[in-house]
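Student: I am new to this structure and would like a close look at a single part. Could you take me slowly through the metal site and what surrounds it?

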Amino acid sequence: MRKDRLAYFKKRLLEKQRQLADEVGRTALYGKDQEDDSIKDLGDQANTAYNREFFFELGNGDRRLLRDVVSALQKLEGGGFGACERCGEAISEKRLEALPFARYCIDCQRVIEQEERMATG
Ligand SMILES: [Zn+2]
């Protein structure tokens with residue numbers, strides 16, 4: 001991949017990393033607030049439990065994404081950025097444009113998502 005493209009993806013990834021770090025930090029804080037509210041307002045317990053679960057999941061998703069972004073940045077520095085982690089083929093630039101932190105090519109992504117669906121039933 002050309003140097004200017006790599007620089008472009010690096011910029012995109014760093015922006016995403018900053019945005020996610022903010023998000024994860026805020027979710028952690030918000031989760032704490034929810035915890036306090038559930039003690040104060042027992043009348044709305046079910047709703048609070050639902051919210052807590054929702055934000056917990058959101059936090060997990062962001063953390064996973066953040067990990068992918070960091071790993072993509074490491075590959076940008078160390079080499080191997082843009083190559084599928086499963087089959088080793090180059091991930092299309094169109095896909096990287098949409099998801100600069102993509103770990104797999106579109107074909108492998110489909111297979112992996114299918115496997116995950118089967119694993120979770
Ligand atoms: Zn692949």
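Tutor: Happy to. Let us start with one term we will need: a residue counts as buried when its relative accessible area is under 20%, as exposed when that area is over 50%, and as partly exposed in between. Please also keep in mind that this is a predicted model.

Here is the setting. The protein has four helices and zero strands, and read along the sequence it follows the pattern α-α-α-α. Of its 121 residues, 25% count as buried.

Now to the metal. The zinc ion has four protein donors, the SG atoms of Cys-84, Cys-87, Cys-105 and Cys-108, which lie 2.3 to 2.4 Å from the ion. The angles that these four donor atoms subtend around the zinc ion run from 104 to 116°, and this makes the arrangement tetrahedral. For four donors, that label asks that all angles lie between 85 and 135 degrees. As a yardstick, the ideal angle for four tetrahedral donors at a metal is 109.5 degrees.

Along the chain, the donors of the zinc ion follow the spacing C-x2-C-x17-C-x2-C. Cys-87 sits in the loop between α2 (45-78) and α3 (93-98), while Cys-105 sits in the loop between α3 and α4 (106-120), so this pair ties together parts that are 18 residues apart in sequence. Cys-108, for its part, belongs to helix α4.

With so many cysteines gathered here, you may wonder about disulfides. A disulfide is a covalent bond between the sulfur atoms of two cysteines. To be counted as one, a pair of cysteine sulfur atoms must lie within 2.5 Å, and by this rule the model has zero disulfides.

Next, let us see how covered each donor is. Cys-105 has a relative accessibility of 10%, so it counts as buried. Cys-84 counts as buried too, because its value is 5%, and Cys-108 is buried with a relative accessible area of 5%. Cys-87 is at 39% relative accessibility and therefore counts as partly exposed.

The contacts of these cysteines fill in the picture. Leaving aside neighbours within four places in sequence, Cys-87 is in contact with Cys-105 and Cys-108. On the same basis, Cys-108 touches Cys-84, Arg-86 and Cys-87. The C-alpha atoms of Cys-108 and Cys-87 are separated by 7.4 Å, although these residues are 21 residues apart along the chain. Cys-87 and Tyr-104 are 17 residues apart in sequence, and their C-alpha atoms are 8.0 Å apart in space.

From the site, we can step outwards to some other residues. Asp-68 is placed in helix α2. With 15% relative accessibility, Asp-68 counts as buried. Apart from its neighbours within four places in sequence, Asp-68 is in contact with Phe-101 and Arg-103.

The loop between α2 and α3, where Cys-87 has its place, also holds one half of an aromatic pair. The structure holds two aromatic pairs. One of them is formed by Phe-9 and Phe-81: their rings are 5.6 Å apart, centre to centre, and with 50° between the planes the pair is tilted. This pair links distant parts of the chain, with Phe-9 in helix α1 (residues 3-40) and Phe-81 in the loop between α2 and α3, 72 residues apart. Both Phe-9 and Phe-81 are buried. Together with Tyr-8, Phe-9 and Phe-81 form one aromatic cluster.

Finally, a glance at the whole chain. Among contacts between residues at least 6 apart in sequence, 60% join residues at least 24 apart. The accessible surface of the protein comes to about 8,600 Å², and 52% of that belongs to carbon and sulfur atoms.

Notes:
Residues are numbered from 1 along each chain as its sequence is written. This is a predicted model: local features need pLDDT of at least 70, side-chain atom pairs count only at pLDDT 80 or more; totals for chains, interfaces and linings use all residues. Side-chain values use heavy atoms; hydrogens and water are left out. Donors are N, O and S atoms within 2.8 Å of the metal (3.2 Å for Na, K and Ca); water is not among the atoms, so sites may look incomplete. Four donors count as tetrahedral if all angles lie between 85 and 135 degrees; four count as square planar and six as octahedral if opposite donors are over 155 degrees apart and all others between 65 and 115; anything else is irregular. Helices (H or I, at least four residues) and strands (E, at least two) are DSSP runs, numbered from the N terminus. Buried means under 20% relative accessible area, exposed over 50%, partly exposed in between (1.4 Å probe, protein chains only). Rings of Phe, Tyr and Trp (its six-membered ring) pair if their centres lie within 6.5 Å; planes under 30 degrees apart count as stacked, over 60 as edge-to-face and the rest as tilted. Contact means heavy atoms within 4.5 Å. Accessible areas come from the Shrake-Rupley method with a 1.4 Å probe; for residues, only the protein chains shown count as cover.
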